[in-house]
Amino acid sequence: MNEQLQLILPELVLSGGLCLLLLADLVFQRRRAWETGVFALGLLGVVAYLLLQRFEAAPADAFGGLLRVDHFGAVFQLSITAAAAVALFINLHQFRYPQDRGRIETQFLFLCATLGGFVLVGTQHLLMLYLGLEMLGLCSYALADVHKRDRAGAEAGMKYVVYGALSSGIMLYGISLLFGLGGASFQMTDIALGVNRALLEGHAVQVLLPTLLLLAGFLFKLALVPFHWWAPDVYQGTTTAIAGYLAVGSKLVALGALIRTLALIFATAVHGIESDPALIEVTTVASEFGASFGLVLAILAAVSMVWGNLAAIGQTHLRRLLAYSSIGHAGYLLASISLLNADGFHAASTYAIVYGVASLGAFAAVFAIAVRAGSEDLRDWSGLGWQYPLAAGSLVLFFASLIGLPPTAGFAGKWRLLAALWAGDRPGLALLLALLSVVSLFYYFRVIKELYLERREEALSPRVSRKLPWLAGFLVVACVATIALINLGWIDAPLRLATGDLTHG
Amino acid sequence: MGEHLLSAFVALPFVSALFVALLPKQSAAGQRFVAGTTMAAALAFLIGLVLGGFDTARGGLQFAESTAWIPSFHVNWALGLDGLALVLLLLSALIHFIAVIATPRDIAGSKGYYALLLLLFGGVNGVFLATDLFLFYVFWELMLIPMYFLIGIWGGEQRKRAAGKFILFTLFGSVLMLVGLVAVYLRSGAEGVAPTFDIYALQSQAASWMTDSGGMFGMDFSSWIFLLFFLAFAVKIPVVPFHTWLPDAHVQAPTPVSVILAGVLLKLGAYGMLRVAFPFAPDAFADLAWLVATLGVINIVYGAWVALAQTDFKRLVAYSSISHMGFFLLGMAGVAVAADGAAHFEAGTRFNALAGASLQLITHGISAALMFLLVGAVYDRAHHRDLGRMGGLGRVMPRYFAIATVGFFSSLGLPLLAGFVPEALTLFGAWPAWPMHVVVTAFGLMLTAVYLLQAYRSVLLGRTPDACASFRDLDRRELSTMVPLVIASVTLGVAPFLVLDLMAETLRTILAGLPPDILPATSIEITEGLR
């Protein structure tokens, strides 16, 4: 038992910290405190350190297969930890809802959601997966709905909850069907065997239905068409801290879990299962199923890519713009996943990390400018690039990465996506992705144009005059990471090893 | 140091840019000095290479170096210098140096300006020297953002629109190149060997792609590659109908940036065609040579035709750039000839066509840069560029008159000035394969003479309007930007072999890789007779 506990040390530490944070609420007798913020950040630091230890150890199952501790999960767990840290820090500075600044409840919710994310991406057990998803989801609903007095905020929170409940209900139904297919087991490996048997007997429809139902929960978390409607309103209606957290932290863990699920259950089914001699042979039904399921994913991806990028063009509110662009980026990720092979999963997980760095950086940079300009509408940002060289300069770099321009990591990531799509015989999708990068240039450069090319008559009298040294430090780190990560080899090893473990394709 | 000579050369502008960025805001003179010294040092280094060190008798790469950079994609930091790259680098260093001098001393936001100029210079050098396709692309894209800001911040009234249009068009080309990059990279690894980005390894593999039927949408692989890369570079040259960004960008950009744009950046598209688009798809190139020739002639005639209608001096020069770049395409089409033309067709002709096309890049770089400086000098005095409101400047500004005469006539292709030799070589080279195209081109040349002489008359000759009577003549700074170009133009007009000799072996090497595969050494070349 002791060894088992050792395996989940990061989760345990996080849970312990959560309890202390709740106690702190009672001790301090006030709604907000800087001290708890610093404590929460420190806690995340410790957790990140413990997560790094996971790269030293071999993958293992914990608690009879309820949790899975491996490198693949650790990468995504680290990414949500980073997103939570940035969100907490921004929250300490945030200006739009002063009553929420540094509030202990908010800090608690961020950490709790992160714990949910840990479970979501760190399990091969469908029930645990659902629990993780709900834990992340419920905390996110509460976070997004902090501002109920504000009409836009209330609408955003409402939309988020209703969509979330609907999609998770659909997902739960899919899980129950798969539970039956897998011979009364929630283990993904068992379900894979069941799915493979069903395909062998020619029951493609019985497999396709629960698969699509299962997809709903993931589509919602990733803000993919047709479950994307909440994203723009929620990103705009809440604070930058929460928007950044949802766009990066929540999205990345959901992506990791989606890759794990698809790789374990369906890709193995499509490509044959080595452990079972009877099932190693790939049947025509299985490959037909793989092709049609892949096609569904590819179409969803294409629609999301086009939708997100086109809808972003007209936006002037920075966070709304980033919301639509993140729908587009999720489309890129799904496009690569739709190949249902190791290359595609690997490319998607690599791009997810690259996107995460650039996107988190962009949210932080937007915040750094907005907190001083007092507006998140880009029309109020004329000529501010000269006034805030670090924030605006790094924003240019992050946008370049999101567009996919060298010498940034976004370029290498996009390159890998294109290579996977081209090699996987989807040249049309590759061309579409490449051309949409040009479309994305429209709206990203509109911001850059406003910052640098427009001239401002009188200098802005800053709303907040104080310096943001920590945020500046983060921006510098994120800039360095954005350039250094062009050498994807640095993150290749954990991701390749892990996705290689998961698939035989 | 010896084996990393080119790395140091490529790194120099980037280091200088960082240095400029660290200088205090107020020291505009210091920033200018650093930028100018960097360009001058680069120019001196290249001249040193020409005088000793660079072996003109060798066609292949010299000073080549390669270090693993991104092992997971087989990307190398690989640089190498050959004759063509050397000549273009010389042009680029000269033009960038002149651009620094041509920049007004009191330019606002000088720190960013000079840093961006240095970044641009570094990107250009990298593109010319990279022998790894991935690295080539990285440098290619690196030029995009500096240029965007140079036009967008320091440009004229419509600068925002022009900068946006520039970056959109260019990125459109770039993403097509990116898809092409993916395709050739994966194809190079298809036969069980490690995939590669080495441009020369890919070139030698390209011959085996000819028989490749593994294409999509009813096109073979070679045609795909050709189409993707051709379109990518066509935007940069620019080939009609992808040219519409150019007049806007030129007119809105400040004079030094226009000079760089016309003098260097347009050449990069041509360089890409020579290095990548044509050698990677020799088969499709031979099949589609008619298209290249036709687009070339359209460029020549259309550019001249539209220039004829311009009243804005700078716009006129911009369209003349489009027209002149058409000669490059026509020359290249003369290199790859249709199969039925091969009978009365000799390798020497192909060499002439290639030499003409390559030389055109240099001479146009020089004369276009000179023309934009001339436009800028008038604009600084008149504050407008309307040809209808000028006249008689020859009388008030004698020095300007002398230099402008060289500029106009060099652009027009007068013998003994730079413009003549490449155009003549191109026409000779293209004649056996594309006689009808050459005839139409002759019509375009007439148009060129008409619009240039018209502009010449309306700027320099005739009655001097009162508004122009008080113009001061060119000062020392302006002279120091223009005189080197005048000297270069006259030198290349009288002794084109100075440049041709540097490139000749490289061009033969390139030629050996292009269809139809005839060894060029067997017949007489006109360029020999030019000595």
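Analyst: Let's start with a definition: a residue counts as buried if 20 or more other C-beta atoms lie within 10 Å of its own. Keep in mind that this is a predicted model.

User: What makes α3(B) "mostly covered"?

Analyst: Just count its residues. Of the 20 residues in α3(B), 19 are buried. This helix runs over residues 83-102 of chain B.

User: How do you know whether the length of α3(B) fits what is expected?

Analyst: Set the two lengths side by side. From its first C-alpha to its last, α3(B) reaches 29 Å. At 1.5 Å a residue you'd expect 28 Å, so the model comes close to that.

User: Why is α14(B) described as largely enclosed?

Analyst: Go back to the cut-off of 20 or more other C-beta atoms within 10 Å. In α14(B), 23 of the 23 residues are buried, so the rest of the structure largely encloses this helix. It covers residues 313-335 of chain B, and its 35 Å reach is close to the expected 33 Å.

User: And why is Leu186(B) called partly exposed?

Analyst: Leu186(B) has 15 other C-beta atoms within 10 Å. Buried needs 20 or more and exposed needs 12 or fewer, so a count of 15 falls in between and earns the label partly exposed. You'll find Leu186(B) in helix α7 of chain B, residues 159-188.

User: Which residues does Leu186(B) touch, setting aside neighbours within four places in sequence?

Analyst: Its contacts are Ala419(A), Trp422(A), Ala423(A) and Pro195(B). Each of these counts as a contact because the two C-beta atoms lie within 7 Å. Phe128(B) is another story: the C-alpha atoms of Leu186(B) and Phe128(B) are 24 Å apart, with their places 58 residues apart in sequence.

User: How many residues does each chain bring to the contact between A and B?

Analyst: Chain A brings 25 residues and chain B brings 27. On the chain A side, α17, α18 and α20 each give two or more residues. The largest share there, 12 residues, comes from α18(A). That side divides into 20 nonpolar, 3 polar and 2 charged residues.

User: How do you know how far to trust α20(A)?

Analyst: Look at its confidence. Helix α20 of chain A, residues 489-502, has the lowest mean pLDDT among the elements of that chain, at 63. Helix α13 of chain A has the highest, at 94. Chain A as a whole averages 85. Where pLDDT is low, the predicted coordinates shouldn't be read in detail.

User: What makes Ala364(A) stand out in the largest nonpolar core?

Analyst: That core has 406 residues, and Ala364(A) and Leu418(A) touch the most other members. Helix α14 of chain A gives the most to this core, with 23 residues. Beyond four places in sequence, the contacts of Ala364(A) include Val86(A), Ile90(A) and Phe474(A).

User: Last one: why is chain B called as compact as a globular protein of its length?

Analyst: First, the make-up: chain B has 23 helices and 2 strands. Its radius of gyration is 22 Å, and the globule rule gives 24 Å for 531 residues; those values are close, so chain B is as compact as a globular protein of that length. Also, 61% of its residues are buried.

Note on methods. Residues numbered from 1 in each chain as written. Chains lettered and ligands numbered in written order. Predicted model: local features only at pLDDT ≥ 70, side-chain atom pairs only at ≥ 80, totals over all residues. pLDDT = per-residue confidence, 0-100. Helix = DSSP H or I, 4+ residues; strand = E, 2+ residues; numbered from the N terminus. Nonpolar A, V, L, I, M, F, W, Y, C, P; charged D, E, K, R; others polar. Core = buried A, V, L, I, M, F, W, Y, C linked by C-beta atoms within 7 Å. Rg over C-alpha atoms; globule rule 2.2 N^0.38 Å.
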